[in-house]
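These are my notebook entries on a single model. I set down what I looked up, position by position and then strand by strand.

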Amino acid sequence: MALIVLVGPMGAGKTTVGTLLAKKLRLPFKDSDAEIEARTGADIPWIFDVEGEQGFRDRETQVLKDLLAMPEGVIATGGGIVMREENRVLLKPVQVVYLRASLNEQLRRTANDRKRPLLQTENPRAVLERLMTIRDPLYRDIATQIIETDGANSRSIATKLARQY
Ligand code: S3P
């Protein structure tokens, strides 16, 4: 039985790779952001607006706990999942794949995106850079595997991962 969690920055391809991987392994796929939105009945920008980032993070931790209770499946997480120590403790015993992407790729893949509140700023590059400085060591700390996604397509990453399970 496999429970696989994908972590990494915004624009790393966690949702795309996770969907493909789950299909290949015939496992359920869950996306923590989608789950938060479904439970709240509102989208992420609305949650940030009304409840603040703190409110979003509270919801995220609850969803993570519930998703990790699944006996098997593929879970794509939001880029900030590693910000809370509580979440990192929950993820430590699990198979965690860190999908890495360069800053340029993160920027390219999130360009013109309106659904990520943290990037609704004059200078998304500076935000992504700052977040990576903080989060890269945290992703590494909990990862059982690190995959560089620059120059690789999601299908080939999912195929490679699926061979291991
Ligand atoms: C966030 C990443 C987003 C989403 C929210 C906050 C972050 O998920 O959870 O906007 O803090 O990096 P993706 O990584 O799927 O874009």
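Entry 1, G79. I located G79 in the loop between β3 and α4, the latter spanning residues 85-91. This is a predicted model, and I therefore looked up its confidence: the mean pLDDT of the protein chain is 97, with 99% of its residues at 70 or more. The scores are ipTM 0.99 and pTM 0.98. I then asked whether G79 is buried or exposed. G79 counts as buried, because it has 23 C-beta neighbours inside 10 Å and the cut-off for that class is 20 or more. Leaving out residues up to four places away in sequence, I found G79 touching G8, P9 and M10.

Entry 2, annotated positions. I consulted the UniProt record, an unreviewed entry, which places the feature "binding site" at D33, R57, G79 and R135. The unreviewed entry also puts a "binding site" feature at T15. I followed up R57 and T15 in turn.

R57 lies in helix α3. I noted 18 other C-beta atoms within 10 Å of R57, so R57 is classed as partly exposed. Residues up to four places away in sequence aside, R57 touches M83 and R84.

T15 belongs to helix α1. T15 is likewise partly exposed, since 18 other C-beta atoms lie within 10 Å. Beyond its neighbours within four places in sequence, I found T15 in contact with D31 and A76. In the sheet, A76 of β3 is the bridge partner of D31.

Entry 3, the sheet. Which order do the strands take in the open sheet? I read the order of the five strands as β2-β3-β1-β4-β5, with parallel pairing. β2 and β5 (145-148) stand at the edges with a single partner strand each, so one side of each has no neighbour in the sheet. On average, neighbouring strands of this sheet are turned by 20 degrees against each other, direction ignored.

I then went through pairings one at a time. Strand β2, residues 29-31, pairs with β3 in the parallel sense over three bridges. β1 and β3 run parallel and are joined by four bridges; here L6 stands opposite A76. β4 and β5 also run parallel, with four bridges between them, and L99 stands opposite I147 of β5.

Entry 4, helix against sheet. I looked up where α1 lies and found that it crosses β1, β2, β3 and β4. Its direction is at about 175 degrees to that of β3.

Entry 5, the nonpolar core. Which residues have the most contacts inside the largest nonpolar core? I recorded L6, V7, L21, V96 and V97, in a core of 32 residues. At least two residues of this core come from each of β1 (3-7), α1 (14-25), α3 (44-68), β3 (73-76), β4 (95-100), α6 (124-142) and α7 (154-162). As background, nonpolar side chains tend to be buried together in soluble globular proteins.

I took V97 as an example. Apart from residues up to four places away in sequence, V97 touches I4, L6, A143, Q145, I147 and L161. Two of these positions recur from the sheet: L6 stands opposite A76, and I147 stands opposite L99. L6 is also one of the residues with the most contacts inside the core.

Key: Residues are numbered from 1 along each chain as its sequence is written. This is a predicted model: local features need pLDDT of at least 70, side-chain atom pairs count only at pLDDT 80 or more; totals for chains, interfaces and linings use all residues. A nonpolar core is a set of buried Ala, Val, Leu, Ile, Met, Phe, Trp, Tyr and Cys residues joined through C-beta atoms within 7 Å. A residue is buried if 20 or more other C-beta atoms lie within 10 Å of its own, exposed if 12 or fewer, and partly exposed in between; C-beta atoms are placed from the backbone. Two residues are in contact if their C-beta atoms, placed from the backbone, lie within 7 Å. UniProt positions are given in the numbering used here, feature names are shortened, and annotations may be inferred rather than shown by experiment. Two strands pair if DSSP finds at least two bridges between them. Axes are lines fitted to C-alpha atoms, for helices over the stretch in contact, and angles run from 0 to 180 degrees between N-to-C directions. pLDDT is the predictor's confidence in each residue, from 0 to 100.
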